[in-house]
2 protein chains.
Amino acid sequence: MLDEFDLIARIKARLSRADPRVRVGIGDDAAILAPIARGIATSVDTAVDGVHFDRRWLTFEDIGWRSYAAALSDLAAMNARPISGLLSLVLPPDLEDVSVLSIADGVAEAGDAFGAPVIGGNISSGRELSITSVVLGEEGERTTLRSGARVGDGVFVTGLVGAAALGQKLLAKHAPIDVFAARWRRPRPRFDLARAVASVATSAIDVSDGLAQDLGHICEASAVGALVEIDLLPVDPAAAEAARSIGEDASMLALGGGEDYELLFTASEAPPPDVATRIGSIVRGRGVRVLDRNGEEVAIALAGHRHRAGGSGA
Amino acid sequence: MLDEFDLIARIKARLSRADPRVRVGIGDDAAILAPIARGIATSVDTAVDGVHFDRRWLTFEDIGWRSYAAALSDLAAMNARPISGLLSLVLPPDLEDVSVLSIADGVAEAGDAFGAPVIGGNISSGRELSITSVVLGEEGERTTLRSGARVGDGVFVTGLVGAAALGQKLLAKHAPIDVFAARWRRPRPRFDLARAVASVATSAIDVSDGLAQDLGHICEASAVGALVEIDLLPVDPAAAEAARSIGEDASMLALGGGEDYELLFTASEAPPPDVATRIGSIVRGRGVRVLDRNGEEVAIALAGHRHRAGGSGA
């Protein structure tokens with residue numbers, strides 16, 4: 001095992017990037033970013049081994065990527081532009097240095113992909129591997145909160161949903177399909193659509209805990225209810241078929257399983273169809289109801305592994 | 001046990017503060033700070049149960065305070081003014097809700113004491129309690145790094161050292177003395193002296209791992225060596241006496257035990273005597289050597305509990 005300071009030096013070498021926005025990067029007591037004109041958006045997210053990720057189906061690079069990408073996705077939900085991040089690792093004694101460096105590589109890849117180099121961090125010993133990602137971004141022209149949904153708004157979601165949860169299910173059944181496994185292993189926050197979403201959205205959130213639960217956070221913050229029509233959910237036909245082959249329903253996986261990191265939002269006017277799909281409506285009352293094609297309410301099983309994890313804000 | 005969302009609501013109620021610098025606080029996907037004129041200083045620190053703190057000698061409020069204060073101290077070391085912070089808690093299933101709320105209370109007290117309200121956070125389940133504190137601050141007029149020490153500079157430290165490590169030793173021997181226990185339980189970052197330090201310092205760091213190890217970080221970053229004269233260390237006479245009563249030496253505790261959260265710095269001109277005490281010199285070479293009154297080199301035992309913890313930067 002490397003000496004602590006050698007390990008830090010190697011992690012630093014993997015994460016450091018020349019960036020004019022960074023005045024002081026990794027290696028001092030604090031990092032310093034150059035001034036930014038707008039407000040500063042920031043969020044923190046911790047991924048715990050066996051709770052938020054499963055080493056059986058993920059490489060350490062995947063674990064690094066998805067931890068950091070999940071935190072970045074919170075910036076996309078608010079329409080903030082990513083600038084940088086910090087990383088805090090709790091490392092159990094039996095974790096090999098090469099695994100730690102692979103986690104750093106995965107974080108660095110996600111940071112490069114979304115323009116958010118890691119500018120500082122911390123390593124600690126502990127019994128349980130955990131990865132805490134802090135992200136910093138610049139406020140966009142419009143900021144979308146969870147709290148702006150109004151009765152009569154439509155409910156929309158970007159991209160396709162259900163693929164990430166399906167990817168995980170297929171892996172667990174030893175029947176992986178690369179495209180779905182990748183959706184789960186390497187989520188991509190929708191910075192490409194965040195501005196278009198914010199230009200129409202009355203409220204927004206990212207799909208991390210499962211669409212039903214995430215929509216529930218919007219409803220609670222906005223003091224409204226929501227109706228979702230399950231047949232309107234944008235599910236890849238190939239995902240629907242693969243789900244059926246293992247006795248699952250891709251729409252149900254999207255509603256309960258989450259981790260698609262698409263943007264879920266409400267708006268009074270529809271966005272362009274290449275931005276998002278309408279899946280339901282905001283109504284009076286509280287809570288989220290999901291209706292099948294016969295108008296019958298569908299019960300959603302929430303993903304148990306997110307207990308005490310999601311929805312804690314910022 | 002409270003429902004997850006009830007627990008979050010109660011934590012939020014304890015941490016939320018009305019603050020004109022905060023545009024969006026706890027409860028959304030990310031927090032948003034109003035623009036700040038200067039650069040943004042940020043750091044992250046994780047405290048792990050049994051590694052960085054010991055529940056036997058600390059209340060949960062103490063654990064919250066010292067975790068957050070330790071992170072804030074990194075801002076003091078750089079002469080950044082604290083603005084806010086984020087908190088990520090990993091909570092084992094057997095930890096009672098009242099304990100979680102007490103941790104939040106301790107964090108809130110430290111945030112109030114140093115002007116850094118918590119504006120966001122996250123809770124996760126896990127097997128091991130850990131507290132990750134993220135701090136955000138505004139760059140000062142002068143920023144002090146670890147890397148500016150020059151041969152010929154004096155080495156200085158603010159305040160009195162050794163009291164925190166002594167406090168812990170006394171607690172462990174069931175011979176607590178309140179004033180020293182408080183120094184260990186409730187460290188106070190030296191924001192009161194940070195500006196005066198930065199006005200003369202060529203390099204600076206806070207004393208978190210032990211004075212010898214922290215000075216070693218300055219030496220490494222600056223590519224210099226340091227000599228410390230043990231008799232010059234500013235030790236409270238009462239601490240010296242209490243240390244002797246349990247067979248310890250307060251100066252050795254300061255050098256190896258750390259957690260004083262004083263500012264350790266180098267400067268070519270001496271600061272006013274009420275700011276800091278000169279304890280040694282920067283010399284050619286590498287590493288820190290500590291000399292006793294006879295000019296003999298003293299071996300420093302490093303605090304073992306900081307393995308894989310300190311000096312990781314930012």
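Visitor: What makes strand β7 (residues 154-157) and strand β10 (residues 263-267) of chain B a pair?

Guide: In this predicted model, four bridges join β7(B) and β10(B), which run in the antiparallel sense. Two strands count as paired once there are at least two bridges between them, so these strands qualify. To find a spot in the pairing, look at B:V155, which stands opposite B:T266 in β10(B).

Visitor: Which sheet do β7 and β10 of chain B belong to, and why are some of its strands said to stand at the edges?

Guide: They are part of an open sheet of seven strands with mixed pairing, in the order β8-β10-β7-β11-β9-β12-β13 (chain B). Edge strands here are β8 (201-206) and β13 (297-298) of chain B: each has a single partner strand, so one side of each lacks a neighbour in the sheet. Helix α2 of chain B packs on this sheet, where it touches β8 and β10 of chain B; the direction of α2(B) makes about 180° with that of β8(B).

Visitor: Why is α2(B) called oblique to α3(B)?

Guide: The axes of α2 (residues 60-78) and α3 (residues 97-114) of chain B come within 6 Å and cross at roughly 40°. Angles under 35 degrees would count as roughly parallel and 65 to 115 as roughly perpendicular, so this pair is oblique. The crossing of α2(B) past α3(B) is right-handed. On the α2(B) side the contact includes B:W65, B:Y68 and B:L72, and among their counterparts in α3(B) are B:I103, B:V107 and B:F114. By class, this contact has nine nonpolar, five polar and three charged residues.

Visitor: What makes α4(B) roughly perpendicular to α5(B)?

Guide: Helix α4 (residues 163-172) and helix α5 (residues 178-185) of chain B pack at an angle of about 110°, with axes 7 Å apart. The range for roughly perpendicular is 65 to 115 degrees, so the label fits. Here the crossing is left-handed. Residues making the contact include B:L166, B:L170 and B:L171 of α4(B), and B:F180 and B:W184 of α5(B). Eight of the contact residues are nonpolar, two are polar and two are charged.

Visitor: How do you know that one sheet draws on both chains, and which strands are at its edges?

Guide: Read the strand order: β5(A)-β4(A)-β6(A)-β3(A)-β2(B)-β1(B), six strands in an open sheet with mixed pairing. At the edges stand β5 (118-125) of chain A and β1 (22-24) of chain B; each has a single partner strand, so one side of each has no neighbour in the sheet. Neighbouring strands are turned by 20° against each other on average, direction ignored. Within this sheet, β3 (residues 40-48) and β6 (residues 130-138) of chain A run antiparallel and are joined by nine bridges. One bridge partner to look for is A:S133 in β6(A), which goes with A:D45. Helix α1 (residues 4-15) of chain A packs on the sheet, touching β4 (81-91) and β5 of chain A, and its direction makes about 150° with that of β5(A).

Visitor: Why are the two copies said to be related as by a two-fold rotation axis?

Guide: Chain B superposes on chain A by a rotation of 180° with 0.0 Å of shift along the axis, at an RMSD of 0.0 Å. The relation is thus that of a two-fold rotation axis. To locate the axis from chain B, start at B:E128, whose C-alpha comes closest to it, at 3.3 Å.

Visitor: How do you know that the copies meet through the same surface?

Guide: Of the interface residues of chain B, 100% are also interface residues in chain A, so the same surface serves in both copies.

Technical notes:
Residues are numbered from 1 along each chain as its sequence is written. Chains are lettered from A and ligands numbered from 1 in the order in which they are written. This is a predicted model: local features need pLDDT of at least 70, side-chain atom pairs count only at pLDDT 80 or more; totals for chains, interfaces and linings use all residues. Side-chain values use heavy atoms; hydrogens and water are left out. Copies are superposed by least squares on the C-alpha atoms of residues with pLDDT of at least 70 in both. Contact means heavy atoms within 4.5 Å. Axes are lines fitted to C-alpha atoms, for helices over the stretch in contact, and angles run from 0 to 180 degrees between N-to-C directions. Angles under 35 degrees count as roughly parallel, over 145 as roughly antiparallel, 65 to 115 as roughly perpendicular and the rest as oblique. A crossing is left-handed if the near helix is turned anticlockwise from the far one by less than a right angle, and right-handed if clockwise. Ala, Val, Leu, Ile, Met, Phe, Trp, Tyr, Cys and Pro count as nonpolar, Asp, Glu, Lys and Arg as charged, and the others, Gly among them, as polar.
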